[in-house]
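Trainee: Could we go through this structure together, one part at a time, with the reasons spelled out?
Mentor: Yes, let us look at the model first and then take the questions in turn.

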Amino acid sequence: MNPAKNLNLRAGLLSVLIFLTLLGIWYIATAPSGAAGGSTAGMTAEQIEYAKMMGKDPSAPKSGGFPTLGEMGTTVWSHLSNPFYDNGPNDKGIAIQLAHSLGRVALGFGLACLVAIPLGFVIGMSPLLRRAFDPFIQVLKPISPLAWMPLALYTIKDSSISGIFVIFICSVWPMLVNTAFGVASVKREWLNVSATLEVNPLRKAFLVILPAAAPTILTGMRISMGIAWLVIVAAEMLVGGTGIGYFVWNEWNNLSLTNVIFAIVVIGLVGMLLDLAFGQLQKVVTYVE
Amino acid sequence: MWSDVTQRATAPAPDARDPQQRKAANVTGFLQIEKLGKAYVPAKPVFADVSFTLDKGEFVCIIGHSGCGKTTILNVLAGLDTATSGNVIMDGREVSGPSLDRGVVFQSHALMPWLTVRQNIAFAVKSRWPEWKAAQVTAHVEKFVALVGLSPAIDKKPSQLSGGMKQRVGIARAFSIQPKMLLLDEPFGALDALTRGTIQDELMTIVRQTQQTVFMITHDVDEAILLADRILLMSNGNETPEGYRPGGIAEVVVNPLPRERTRASLHHLDGYYSLRNHIVDFLVTRAKAH
């Protein structure tokens, strides 16, 4: 076995061990404590009856509130065994909620690509435009995307499209800045080659500048996608209706912590998969000099 | 650098030359450079009044220290840079921008790292003949890759090639568009001596076969003597007691050695050492390095 493979194997084993340790801590922390509270000793029948009437059944097992590992397992199983059910507005399967969120992200992100990449190209090619646009980009970039929400809701008058707009606005900046930077720093020598070959501007843009700047552009897209996935959860909590963010908020209102925890894990996993996908894309366009 | 001030002051005047290093008196060349000058600071041009001509099929090297403006001259010829004064006329037409008529080999090979050798050359070929069909392009590309002996590596990316191989691809790309003339900006500067020798031989063979007109920058005296029919010696701009003197072509040396010379037998030829000494003396005493 070669050393790299060996290292991977050992790292994997360690990861599993850490995971099991965390589950173990959870199990111990939520284990029912027999002695405390839930005892009827020293109480008369009337006192027990009274306590039950007040909603404090002393004979019931006392719960710390945080779900146990067993409850969590049941919830995970119920979601995974039937991810596509649809029982009306407030009760949809996790896959349907995810699909809504991913759809919004895809739309907002796609629109952002359509705007940011061509605009970044132009800004990167022209020092004049770069300077002219710079103040706007610098001011608009640090604005929290959710701050746009009231304005979006007022002008668009549709909560779902407002969510998409918020994704759009948060995805635009990293892509714009990276594309402009990538295009502006294309090596002089490649441009000289295309100049001496009398390559026309369109061919130069697509066959020289685009591939040369592609790794930087992809980096921008990857950052944008990461931000978009962070923002969609918050946006959906705000606008409601559908989506994984709304699901989290709805289950919080239901006080169903197992569902909230499950949704958190799902958000993390999907975010990781999106990042991995962009990492793969990045590998495709990266070149070694 | 190694030049010494007193020595420079006592150096022989440019006129005192032996007969073999006469000035070429060709005025109706294929490429004419007339009173070319470049100034970043108006009062102190890097070079001024640079005039020379190239005949069709001629191989001309320019030699001089760093900063004398060799590369600027080449870039002006390529159309990538503009001169402050003077003009360049090729084949009766003024050079005003880059053109497929002049192939350029860059010092840093300038291959696109995301394309294979085949795609790099095909990019040039398709730029030259956009109407060509794929099969025609492929055949043309393969012919020129074979010319520099890189057929086995045709589908490799530049990052998988050695420095010498990359430069060969750069040369193949420049030849593949069949330009009216070639401009080479110190193409072997970054290569080790052995590789350099091999590629010099290859370049010479191809140039002799194709009757190509070549203008080349070099730092290597032996390279210039091996390849060039004429060698332009360029001096740097410098401050003299009489004031600033811009750089320029101090002397044109005609190579008296037979054109069939080879790298292996070069140093046995009559006249080789006197030619070499003359150029080295020029670089050491008169060219003025910064």
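**A sheet, a helix pair and a contact between chains**

Trainee: Which strands of chain B does helix α2 lie across, and at what angle does α2(B) run to β1(B)?
Mentor: Please keep in mind that this is a predicted model. Helix α2 of chain B, which covers residues 70–78, lies across β1, β2 and β4 of chain B, where β4 spans 85–90. Relative to β1(B), the helix runs at about 125°.

Trainee: In what order do the strands of the open sheet in chain B follow one another, and which are its edge strands?
Mentor: The open sheet has 4 strands with antiparallel pairing, in the order β2-β1-β4-β5. A strand at the edge pairs on one side only, and in chain B this holds for β2 (47–54) and β5 (93–94).

Trainee: Which residue of β2(B) is the bridge partner of Leu31(B)?
Mentor: Strand β1 of chain B, residues 31–38, pairs with β2(B) in the antiparallel sense, and the pairing extends over 5 bridges. Within β2(B), the bridge partner of Leu31(B) is Leu54(B).

Trainee: What share of the residues in chain B is buried?
Mentor: Chain B as a whole has 8 helices and 12 strands. To count as buried, a residue needs 20 or more other C-beta atoms within 10 Å of its own. Of the 290 residues in chain B, the buried share is 42%.

Trainee: Why is helix α4(A) called oblique to α10(A)?
Mentor: The axes of α4 (residues 94–125) and α10 (residues 244–253) of chain A come within 7 Å and cross at roughly 130°. Angles over 145 degrees count as roughly antiparallel and those from 65 to 115 as roughly perpendicular, so an angle between these ranges falls in the remaining class. The crossing therefore makes α4(A) and α10(A) oblique.

Trainee: Which residues of α10(A) make the contact with α4(A)?
Mentor: By class, this contact has 3 nonpolar and 3 polar residues, and no charged residues. From α4(A) come Gln97(A), Leu98(A) and Ser101(A), while α10(A) gives Ile244(A), Gly245(A) and Phe247(A).

Trainee: Which element gives the largest share of the side of chain A that touches chain B?
Mentor: The contact takes 15 residues from chain A and 18 residues from chain B. On the side of chain A, the residues divide into 10 nonpolar, 2 polar and 3 charged. Two elements of chain A, α8 (188–196) and α9 (201–239), give two or more residues each to that side. The largest share, 6 residues, comes from α8(A).

Technical notes:
Residues are numbered from 1 along each chain as its sequence is written. Chains are lettered from A and ligands numbered from 1 in the order in which they are written. This is a predicted model: local features need pLDDT of at least 70, side-chain atom pairs count only at pLDDT 80 or more; totals for chains, interfaces and linings use all residues. Two strands pair if DSSP finds at least two bridges between them. Two residues are in contact if their C-beta atoms, placed from the backbone, lie within 7 Å. Axes are lines fitted to C-alpha atoms, for helices over the stretch in contact, and angles run from 0 to 180 degrees between N-to-C directions. A residue is buried if 20 or more other C-beta atoms lie within 10 Å of its own, exposed if 12 or fewer, and partly exposed in between; C-beta atoms are placed from the backbone. Angles under 35 degrees count as roughly parallel, over 145 as roughly antiparallel, 65 to 115 as roughly perpendicular and the rest as oblique. Ala, Val, Leu, Ile, Met, Phe, Trp, Tyr, Cys and Pro count as nonpolar, Asp, Glu, Lys and Arg as charged, and the others, Gly among them, as polar.
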